[in-house]
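Here's a quick look at how a two-chain model is put together. Have the viewer open while you read.

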Amino acid sequence: MIVAERKRIPELVEILRDSKKILVLGCGTCVTVCLAGGEREVSIISSALRIASKVESLDFEIEELTIERQCDNVFIEEAADAIKRNDIILSLGCGAGVQAIAERYIEKPVYAGLNTAFIGILEERGLWTEKCAACGACVLHKYGGICPVTRCAKHMLNGPCGGSREERCEVRPDRPCAWQLIYHRLKNIGQLDRLKKIEPPKNWEPSLSGGCRVIVREDHRI
Amino acid sequence: MKDTPLKLCLFYCSNSLDANALRQSFSEIGTDELTTVSLPCSGKMDLLYMLKAFEKGADCVMLVTCEQGDCKFLEGNLRARKRSESVDAILEEIGLGKGRMRVIQNKNEGGIHQIIEEIESLRKSIRNQR
């Protein structure tokens with residue numbers, strides 16, 4: 001899922017300073033699961049903004065709404081009336097959600113209330129970790145399902161680097177060494193031989209460095 | 001401004017506090033306004049409850065929990081403390097400063113007297129900020 005975290009209140013106040021009628025719009029999908037932009041977080045951020053508005057005499061009028069998915073026109077439609085009633089939209093969706101709303105309502109300013117961080121999973125209660133860099137050319141099958149592009153701080157395809165200490169990454173000692181994980185995993189599934197092969201330089205063309213990516217499925221475009 | 005009565009909001013775990021006795025003792029020490037809210041366990045405490053209390057005009061919010069290790073639901077008081085710290089951090093972000101949110105552990109030997117002392121100390125610190 002897409003993992004995000006809320007912007008700090010002073011930054012939000014600066015973004016909204018000249019606004020009066022504000023719709024705080026949540027998203028019921030990824031950002032709900034990562035406790036950043038769901039119905040509950042919409043209420044918390046709205047409440048904090050109302051208090052900040054009193055403290056700084058800003059006169060915010062805040063309406064709250066959460067739709068099922070901000071990155072889908074079918075669901076965005078459900079927010080049409082609320083969007084009409086307000087001057088601006090503070091979206092608590094991911095970056096895709098914010099842009100989908102902005103494209104749909106060209107006359108309304110739409111601001112991001114979250115910082116979209118990464119594609120990851122809930123590792124344990126209150127801890128999310130990055131698992132996928134969306135590089136566009138997946139190599140997971142070669143590394144026992146553990147991504148060296150994302151989880152190795154040096155993105156090494158022919159690791160390990162030799163700098164790990166007690167199975168911990170030397171760049172981020174709070175994280176396990178990805179190559180240690182790859183070794184254990186390949187050993188467990190009987191594929192250690194894979195490590196004897198030298199992996200050629202990765203093709204980065206399908207990644208973001210080639211510009212904004214598009215996928216076309218002609219069979220669905222009639 | 002310093003003499004205006006404070007609005008205090010006190011959430012409490014109903015397993016650890018006799019709110020009637022607390023209100024009785026509180027009425028003897030001043031004219032500030034005290035609202036009490038009962039919870040089945042302090043672990044029911046939510047960020048939103050605390051923020052809503054501030055939004056409605058509370059000068060400070062207190063949460064009475066059982067002593068550490070005494071929670072009937074094992075870790076309700078630990079969760080409540082973490083959530084209170086979160087609210088304190090949000091209030092600081094907003095510009096209200098730290099210290100308007102206080103967790104009070106109801107120690108068996110101290111009882112109501114100890115809680116009233118904690119409320120007094122919080123009242124003084126809020127009055128000094130005015």
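What follows covers the sheet, the helices packed on it, and the contact between the chains.

## The sheet in chain B

Keep in mind that this is a predicted model. Chain B has an open sheet of four strands, and reading across it you get the order β2-β1-β3-β4, with parallel pairing. At the edges sit β2 (33–39) and β4 (101–105) of chain B; each has a single partner strand, so one side of each is left without a neighbour in the sheet. Going from one strand to the next, the twist averages 20 degrees.

Now zoom in on one pairing. Strand β1 of chain B (residues 7–13) and strand β3 of chain B (residues 60–65) run parallel and are joined by five bridges. For a concrete spot to click on, B:L8 has B:C60 as its bridge partner in β3(B).

## Helices against the sheet

Helix α2 of chain B (residues 47–55) lies across β1, β3 and β4 of chain B, at about 145 degrees to β3(B). Helix α3 of chain B (residues 76–94) also packs on the sheet, where it touches β3 and β4 of chain B. The direction of α3(B) makes about 160 degrees with that of β4(B).

## Where the chains meet

Which part of chain A supplies the largest share of the side that touches chain B? That's α3(A), with nine residues. Overall, twelve residues of chain A are in contact with eleven residues of chain B. Both α1 (9–16) and α3 (39–55) of chain A supply at least two residues of that side of chain A. By type, the chain A residues there split into seven nonpolar, two polar and three charged.

Note on methods. Residues are numbered from 1 along each chain as its sequence is written. Chains are lettered from A and ligands numbered from 1 in the order in which they are written. This is a predicted model: local features need pLDDT of at least 70, side-chain atom pairs count only at pLDDT 80 or more; totals for chains, interfaces and linings use all residues. Two strands pair if DSSP finds at least two bridges between them. Axes are lines fitted to C-alpha atoms, for helices over the stretch in contact, and angles run from 0 to 180 degrees between N-to-C directions. Two residues are in contact if their C-beta atoms, placed from the backbone, lie within 7 Å. Ala, Val, Leu, Ile, Met, Phe, Trp, Tyr, Cys and Pro count as nonpolar, Asp, Glu, Lys and Arg as charged, and the others, Gly among them, as polar.
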